[in-house]
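The following exercises concern the structure shown below. Each gives a task and then a solution in steps.

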Amino acid sequence: FCDSCNKIRLTSDGMLKPCLHSNREIPLRGKDLREMEDLIRAAILEKPDVRGALDSENPSMAGRDMNMIGG
């Protein structure tokens with residue numbers, strides 16, 4: 001999954017997640033259009049390079065489950 005992922009996610013509370021399995025979230029609420037464009041562009045360019053399968057020895061570092069982010 002991670003090897004071919006090219007997605008970023010926008011949570012229901014206005015946070016941008018560059019990686020579903022990372023606890024990194026970038027706030028977009030209250031930003032003007034230019035600030036949002038810059039933050040989104042930076043998130044894409046700095047997307048974490050996560051390799052390998054997630055399992056009990058290599059768990060997800062996400063602070064919130066999908067049902068908590070609107071997925």
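## A buried lysine and its partner

Lysine 17 has a relative accessible area of 0% and is therefore buried. The model examined here is a predicted one.

**Exercise 1.** Determine which residue meets the side chain of lysine 17 in a salt bridge, and classify the exposure of that partner.

*Solution.*
Step 1. The partner is glutamate 25, and the N to O distance between the side chains is 3.6 Å.
Step 2. A salt bridge requires a side-chain nitrogen of Lys or Arg within 4 Å of a carboxyl oxygen of Asp or Glu, and the pair at 3.6 Å is listed as one.
Step 3. Glutamate 25 has a relative accessible area of 22%, so it is partly exposed, because buried means under 20%.
Step 4. Side chains of opposite charge can pair when their charged atoms come close.

**Exercise 2.** Describe the order and pairing of the strands in the sheet.

*Solution.*
Step 1. The protein chain contains two helices and three strands, and along the sequence these follow the pattern β-β-β-α-α.
Step 2. The three strands make an open sheet, ordered S1-S2-S3, with antiparallel pairing.
Step 3. Strands S1 (9-10) and S3 are the edge strands, each pairing on one side only.
Step 4. S1 and strand S2 (residues 15-17) run antiparallel and are joined by two bridges.
Step 5. Within this arrangement, lysine 17 in S2 stands opposite arginine 9.

**Exercise 3.** State whether threonine 11 is buried or exposed, and identify its side-chain polar contact with aspartate 13.

*Solution.*
Step 1. Threonine 11 belongs to the loop between S1 and S2.
Step 2. Its relative accessibility is 5%, so threonine 11 counts as buried.
Step 3. The side chains of threonine 11 and aspartate 13 are joined by a polar contact of 2.3 Å.

**Exercise 4.** Locate aspartate 32 and list the backbone nitrogens that its side chain reaches.

*Solution.*
Step 1. Aspartate 32 sits in the loop between strand S3 (26-27) and helix H1 (33-45).
Step 2. With a relative accessible area of 43%, aspartate 32 is partly exposed.
Step 3. At the start of H1, a side-chain oxygen of aspartate 32 comes to within 3.1 Å of the backbone nitrogen of arginine 34.
Step 4. The side chain of aspartate 32 also reaches the backbone nitrogen of glutamate 35, at 2.8 Å.

**Exercise 5.** Check the span of H1 against the value expected from its 13 residues.

*Solution.*
Step 1. The expected span is 1.5 Å times one less than the number of residues, which gives 18 Å for H1.
Step 2. The end C-alpha atoms of H1 are 18 Å apart, so the two values agree.

**Exercise 6.** Trace the salt-bridge network that includes Arg34, Glu37, Asp38 and Arg41.

*Solution.*
Step 1. Arginine 34 forms a salt bridge with glutamate 37, with the closest N and O atoms 3.6 Å apart.
Step 2. Both residues lie in helix H1, three residues apart, or about one turn of the helix.
Step 3. Arginine 34 counts as exposed at 53% relative accessibility, whereas glutamate 37 counts as partly exposed at 34%.
Step 4. Arginine 41 and aspartate 38 form a salt bridge at 4.0 Å, N to O. Because they are three residues apart in helix H1, about one helical turn separates them.
Step 5. Salt bridges with shared partners connect Arg34, Glu37, Asp38 and Arg41 into one network.
Step 6. The whole structure holds five salt bridges.

Key
Residues are numbered from 1 along each chain as its sequence is written. This is a predicted model: local features need pLDDT of at least 70, side-chain atom pairs count only at pLDDT 80 or more; totals for chains, interfaces and linings use all residues. Side-chain values use heavy atoms; hydrogens and water are left out. Helices (H or I, at least four residues) and strands (E, at least two) are DSSP runs, numbered from the N terminus. Buried means under 20% relative accessible area, exposed over 50%, partly exposed in between (1.4 Å probe, protein chains only). A polar contact is a pair of N or O atoms within 3.5 Å; within protein, one must be able to donate a hydrogen and the other to accept it, and residues adjacent in sequence count only if both atoms are side-chain atoms. Two strands pair if DSSP finds at least two bridges between them.
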